[in-house]
Amino acid sequence: MKIRSIVVISALALVLAGCSRDKPEIVSNPGVPQGERLLEAALTNGAWYAEDLERLGFYVFPTPEPLPPFVVKNLSGQDVALASLAGKVVLLNFWATWCPPCRTEMPSIQVLHTKLDGKAFEVMAVSVAEKPSTVKDFLKSNPYDFPMYLDEDGSVSAPFAGRGIPTTFLLDKQGRAIAGFIGARSYDGPEIIALFTELSERL
């Protein structure tokens with residue numbers, strides 16, 4: 001991942017709090033602008049979607065941020081690359097079964113997934129550092145059908161969700177992060193469904 005991408009993602013983590021096992025340590029780097037300055041810069045983003053996403057509480061990246069390629073496993077044990085979702089807007093969500101805020105937002109992600117069925121949109125929910133059996137047992141009593149994936153050793157998730165989960169990124173059809181959110185939120189409101197539908201049609 002490019003240094004600038006790491007800086008911007010870190011700035012997002014400084015502003016919002018998620019559910020983490022340990023309190024994250026904030027490391028100061030005098031050579032990097034403070035998170036507040038990066039957030040202020042984001043407000044000047046001229047992309048057509050920026051104002052609407054910001055109004056909904058998302059941090060909008062000043063420019064779309066390329067992500068490092070990665071591969072995770074689906075629940076059947078098959079490898080799935082992020083690149084395989086090219087051509088779709090992606091809600092990339094990092095979560096875990098032990099995290100209450102993660103569980104809180106999942107019903108709304110299910111509604112979003114259902115409402116945008118057939119659109120150029122995909123959910124990619126990545127379980128962080130959990131065994132396949134743990135996730136499968138969770139789904140027996142929580143039968144969500146949006147796509148879930150396994151990052152069993154946590155190595156894929158580390159650059160994205162090292163400061164807390166749930167952490168969610170919104171990716172354009174080229175697989176670049178255009179916005180992000182740390183913490184639980186609702187994804188089933190009419191405004192967000194309308195905007196994500198428009199994103200799937202226009203990006």
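**Figure 1. Strand 4 and strand 5 pair in the parallel sense.** The model shown here and in every view is predicted. Seven bridges join strand 4 to strand 5. Within this pairing, Leu 92 stands opposite Met 124 of strand 5. Strand 4 spans residues 89-95. Seven of its seven residues are buried, leaving strand 4 mostly covered. Val 89, Leu 91, Asn 93 and Trp 95 point one way from the strand. Val 90, Leu 92 and Phe 94 point the other way.

**Figure 2. Eight strands form an open sheet.** The strand order is 1-8-7-4-5-6-2-3, and the pairing is mixed. Strand 1 (59-66) and strand 3 (79-81) are the edge strands, each pairing on one side only. From one strand to the next, the twist averages 35°. In the whole protein chain there are seven helices and eight strands. The chain has 203 residues, and 48% of them count as buried. Take the contacts between residues at least 6 apart in sequence: 74% of these join residues at least 24 apart.

**Figure 3. Strand 5 also pairs with strand 6, and two helices pack against the sheet.** Strand 5 covers residues 121-128 and strand 6 residues 148-151. Four bridges link them, in the parallel sense. One bridge sets Ser 127 against Leu 150 in strand 6. Helix 4 (residues 100-115) lies across strand 4, strand 5, strand 6 and strand 7. Helix 4 runs at about 160° to strand 4. Helix 7 (residues 190-202) touches strand 4, strand 5, strand 7 and strand 8 (176-182). The direction of helix 7 makes about 125° with that of strand 4.

**Figure 4. Thr 168 makes side-chain polar contacts with Asn 93 and Tyr 187.** Thr 168 lies in strand 7, which covers residues 167-171. Thr 168 counts as buried because its relative accessible area is 1%, under the 20% cut-off. The polar contact between the side chains of Thr 168 and Asn 93 is 2.8 Å. The one between the side chains of Thr 168 and Tyr 187 is 3.4 Å. Leaving aside neighbours within four places in sequence, Thr 168 is also in contact with other residues, including Leu 91, Leu 92, Glu 105, Ala 179, Gly 180 and Phe 181. Tyr 187 has a further partner in this view: Arg 185 lies over the face of its ring, at 5.4 Å from the ring centre.

**Figure 5. Phe 70 and Phe 160 form an edge-to-face pair.** The structure holds 13 aromatic pairs. In this one, the ring centres are 5.9 Å apart and the planes make 65°. Phe 70 lies in the loop between strand 1 and strand 2 (71-74), and Phe 160 in helix 6 (residues 158-161), so the pair ties together parts that are 90 residues apart in sequence. Phe 70 is buried, at 8% relative accessibility. Phe 160 is buried too, at 4%. Both rings belong to one aromatic cluster, with Tyr 59, Phe 61, Phe 94 and Phe 169. Ala 158 also lies in helix 6. Ala 158 is partly exposed, with a relative accessible area of 46%. Ala 158 and Phe 94 are 64 residues apart in sequence, yet 10.0 Å apart in space, C-alpha to C-alpha.

**Figure 6. Phe 121 and Phe 196 form a tilted aromatic pair.** The centre-to-centre distance is 6.0 Å, with 50° between the planes. Phe 121 belongs to strand 5 and Phe 196 to helix 7, so this pair ties together parts that are 75 residues apart in sequence. Both residues are buried: Phe 121 has a relative accessible area of 6%, and Phe 196 has 0%.

**Figure 7. The charged end of Arg 202 sits over the ring of Trp 48.** The distance from this charged end to the ring centre is 3.8 Å. Arg 202 falls within the residue range of helix 7, 190-202.

Terms used: Residues numbered from 1 in each chain as written. Predicted model: local features only at pLDDT ≥ 70, side-chain atom pairs only at ≥ 80, totals over all residues. Heavy atoms only, no water. Buried < 20%, exposed > 50% of the residue type's maximum accessible area, 1.4 Å probe, protein only. Polar contact = N/O pair within 3.5 Å; in protein donor to acceptor, adjacent residues only side chain to side chain. Contact = heavy atoms within 4.5 Å. Pairing = 2+ DSSP bridges. Axes fitted to C-alpha atoms, helices over the stretch in contact; angles between N-to-C directions. Phe/Tyr/Trp six-rings, centres within 6.5 Å; stacked < 30°, edge-to-face > 60°. Lys NZ or Arg CZ within 6 Å of the ring centre and 35° of its normal.
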